[in-house]
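Work through the exercises below with the model open beside you. Try each task before reading its solution.

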Amino acid sequence: MGCVLVLAAAAGVGALALALRLWLVLRCRVVVPRKSVSLMAVAGSGGHTTELLRLLEHLSGAYSPRHYVIADTDDISAQKIQAFELNRANRDPSNVAAGYHVHRIPRSREVQQSWLSTVFSTLHAAWLALPLTYRLRPDLVLCNGPGTCVPVCASALLLGVLGIKRVTIVYVESICRVEHLSLSGWILHRFCDHFVVQWPALKRKYPKSVYLGRIV
């Protein structure tokens with residue numbers, strides 16, 4: 001019985017320390033001047049990739065290298081990214097030197113997949129997203145709602161909690177979300193450095209969000 005109490009106390013102290021470290025990471029937002037910003041952009045099926053690429057159109061070549069993360073079954077997004085980067089290179093040949101990379105991880109949730117099994121598939125995706133994020137160690141993670149972004153953002157956040165690297169996370173909610181957040185947005189809005197919404201109704205519901213009007 002005494003051993004159980006000691007283990008429970010140790011677990012409680014560990015959980016408290018982890019929560020404190022997470023709180024400190026979320027509060028610490030030191031801006032470090034950089035000549036370039038390593039970008040990890042999370043794309044998704046449907047309109048998510050199209051909206052994401054519209055956002056990237058407005059970023060300068062200083063955001064390099066660019067690492068795209070997509071689901072392993074999402075060939076359409078891979079084609080869109082390739083076309084986007086080719087067009088970008090044609091407009092500005094200096095972008096070729098920086099290059100881009102496409103990385104694949106398992107999809108967090110398939111269409112019509114049950115919510116119970118989604119928990120396990122998301123954990124599987126996170127298990128593979130963590131070593132990828134650790135290896136790339138991006139300066140910035142940019143996402144806009146696909147389920148794939150949840151394990152990626154969790155991995156980026158964990159790098160900060162472990163003291164490896166403080167990664168800035170920017171989440172831009174999809175333009176189609178007028179009054180309610182997507183599930184990914186609802187999960188992540190408390191943990192992002194900047195959470196951007198595109199409709200005033202969402203800004204009223206989530207005062208800490210950033211409202212810039214329609215940006216895609």
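**Exercise 1. Overall make-up**

What share of the contacts in the protein with a separation of 6 or more comes from residues 24 or more positions apart? Then describe the secondary structure and the burial.

Solution. Note that this is a predicted model. Residues 24 or more positions apart account for 69% of those contacts. Next, take the secondary structure: eight helices and seven strands. Last, take burial: 42% of the 216 residues count as buried.

**Exercise 2. The sheet**

Work out the strand order of the sheet, and state which strands stand at its edges.

Solution. Start with the order, which is E3-E2-E1-E4-E5-E6-E7. The sheet is open, has seven strands and pairs them in parallel. Now look at the edges: strand E3 (100–105) and strand E7 (210–211) each have a single partner strand, so one side of each lacks a neighbour in the sheet.

Go inward to E4 and E5. These two run parallel and are joined by four bridges. Val141 has Ile169 of E5 as its bridge partner. Cys143 stands opposite Tyr171 in E5. Finally, check how enclosed E5 is. Four of its five residues are buried, so E5 is largely enclosed by the rest of the structure.

**Exercise 3. The two faces of H3**

Test the length of helix H3 against its residue count, then sort its residues into buried and exposed.

Solution. Step one is length. H3 covers residues 75–91, which is 17 residues. At 1.5 Å a residue, the expected span is 24 Å. The end C-alpha atoms lie 25 Å apart, which agrees.

Step two is burial. Ser77, Ala78, Ile81, Phe84, Glu85, Arg88 and Ala89 are the buried residues of H3. They cover an arc of only 130 degrees around the axis, so they sit on the same side of H3. The other side has Ile76, Gln79, Leu86, Asn90 and Arg91 exposed.

Step three is the general reason. An α-helix has 3.6 residues a turn, so residues three or four places apart point the same way.

**Exercise 4. What covers H2**

Identify the buried residues of H2 and the elements that cover them.

Solution. The buried residues include Thr49, Glu51, Leu52, Leu53, Leu55 and Leu56. Their cover includes the strands E1, E2, E4 and E5, along with helix H3.

**Exercise 5. The nonpolar cores**

Which members of the largest nonpolar core touch the most other members? Trace which elements build that core.

Solution. The core has 24 residues, of which Val141, Cys149, Val152, Tyr171 and Leu188 touch the most other members. Two or more residues come from each of strand E1 (39–42), helix H5 (115–136), strand E4 (140–143), helix H6 (149–161), strand E5 (168–172) and strand E6 (194–197). H6 gives the most, with six residues.

Follow Val152 outward, leaving aside neighbours within four places in sequence. Val152 is in contact with Met40, Val42, Val69, Ile105, Ala129, Thr133 and Val141. Then find the second core. This one is separate, has 20 residues, and includes Leu39, Ala41, Leu142 and Val172.

**Exercise 6. Cysteines**

How many disulfides does the count come to? Check Cys153 and Cys192 in turn.

Solution. The cut-off is 2.5 Å between sulfur atoms. By this rule the count is zero. For Cys153, the nearest cysteine sulfur is that of Cys143, 3.6 Å away, and Cys153 is in no disulfide. Cys192 is in no disulfide either; the sulfur of Cys153 is its nearest, at 5.6 Å. Now compare burial. Cys153 is buried at 2% relative accessible area, and Cys192 also counts as buried, at 8%.

**Exercise 7. Backbone details and Tyr134**

Locate the cis peptide bond, the positive phi of Arg137, and the contacts of Tyr134.

Solution. The cis bond joins Ser64 and Pro65, with omega about 0 degrees. Pro65 is in the loop between helix H2 (48–56) and strand E2 (66–71).

Arg137 has a phi near 45 degrees, a positive value in a residue other than glycine. Arg137 lies in the loop between H5 and E4. At 33% relative accessibility, Arg137 counts as partly exposed.

Tyr134 lies in helix H5 and is partly exposed, at 41%. Beyond its neighbours within four places in sequence, Tyr134 is in contact with Leu159 and Ile164. Tyr134 and Lys165 are 31 residues apart in sequence, yet 8.9 Å apart in space, C-alpha to C-alpha.

Note on methods: Residues are numbered from 1 along each chain as its sequence is written. This is a predicted model: local features need pLDDT of at least 70, side-chain atom pairs count only at pLDDT 80 or more; totals for chains, interfaces and linings use all residues. Side-chain values use heavy atoms; hydrogens and water are left out. The expected span of a helix is 1.5 Å times one less than its number of residues. Buried means under 20% relative accessible area, exposed over 50%, partly exposed in between (1.4 Å probe, protein chains only). The arc is that of the directions from the helix axis to the C-beta atoms. A nonpolar core is a set of buried Ala, Val, Leu, Ile, Met, Phe, Trp, Tyr and Cys residues joined through side-chain atoms within 4.5 Å. Contact means heavy atoms within 4.5 Å. Two strands pair if DSSP finds at least two bridges between them.
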